[in-house]
Amino acid sequence: MSLTAGGSLGFNLGDKAMGLNEDGEDFTGLYYGEVSLATSIPLFKNVTLDPRIAYSTALGDDGEFAIESISADGKKDVFYGSVAITAAF
């Protein structure tokens with residue numbers, strides 16, 4: 001069993017899915033940062049349970065505006081987790 005720490009930054013190049021910036025123009029720039037922890041727990045010979053937790057937040061005013069405008073709940077940051085079961089043959 002191992003623990004893996006990760007981090008990432010998101011940069012947008014005018015993707016319309018991110019919405020507009022505060023000036024009403026296509027948003028381009030650094031928009032989020034994320035940190036995460038994950039592990040892999042062996043269940044059987046070829047099967048593992050892979051839980052992960054992460055925290056993601058908007059970076060900068062334009063990133064915050066873009067993320068809040070497409071967010072279902074209007075928030076700029078989120079704490080979330082996931083669980084996967086992996087089988088290798």
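**Reading the predicted chain: burial, contacts and overall form**

The accessible surface of the chain comes to about 6,000 Å², and 60% of that belongs to carbon and sulfur atoms, with areas taken by the Shrake-Rupley method with a 1.4 Å probe and, for residues, only the protein chains shown counting as cover. This is a predicted model, in which local features need pLDDT of at least 70 and side-chain atom pairs count only at pLDDT 80 or more, while totals for chains, interfaces and linings use all residues. Residues are numbered from 1 along each chain as its sequence is written, and side-chain values use heavy atoms, with hydrogens and water left out.

Q: What makes up the secondary structure of the chain, and in which order do the elements run?
A: The chain has one helix and four strands, which follow one another from the N terminus as β-β-β-α-β. Helices (H or I, at least four residues) and strands (E, at least two) are DSSP runs, numbered from the N terminus.

Q: How do you know what the radius of gyration of the chain says when set against a compact globule?
A: The rule for a globule is 2.2 Å times the number of residues to the power 0.38, and the radius is taken over C-alpha atoms. For 89 residues this gives a value near 12 Å, but the chain has 17 Å. The C-alpha atoms fill a box of roughly 55 × 20 × 20 Å along the principal axes.

Q: Why is N12 called buried or exposed?
A: Buried means under 20% relative accessible area, exposed over 50%, and partly exposed in between (1.4 Å probe, protein chains only). N12, which lies in strand 1 (residues 2-13), has 5% relative accessibility and therefore counts as buried. N12 and F65 are 53 residues apart in sequence and 13 Å apart in space, C-alpha to C-alpha.

Q: Why is S56 called buried or exposed, and which residues does S56 touch?
A: S56 is found in strand 3, and its relative accessible area is 12%, so S56 is buried. Not counting residues up to four places away in sequence, S56 touches Y32, G33, E34, K76, D77, V78 and Y80, where contact means heavy atoms within 4.5 Å.

Q: Why is P42 called buried or exposed?
A: P42 belongs to strand 2 and has 54% relative accessibility, so P42 counts as exposed. Leaving out residues up to four places away in sequence, P42 touches V47 and T48. P42 and D73 are 31 residues apart in sequence and 36 Å apart in space, C-alpha to C-alpha.

Q: Which residues of helix 1 are buried, and against what do they pack?
A: In helix 1, the buried residues are G63, A66 and I67. They cover an arc of only 95° around the axis, which puts them on the same side of helix 1; the arc is that of the directions from the helix axis to the C-beta atoms. An α-helix has 3.6 residues a turn, so residues three or four places apart point the same way. The buried residues of helix 1 pack against strand 2 (28-44) and strand 3 (47-58).

Q: Where is K75 found, and with which residues is K75 in contact?
A: K75 is found in the loop between helix 1 (60-70) and strand 4 (77-87). Leaving aside its neighbours within four places in sequence, K75 is in contact with I67 and E68.
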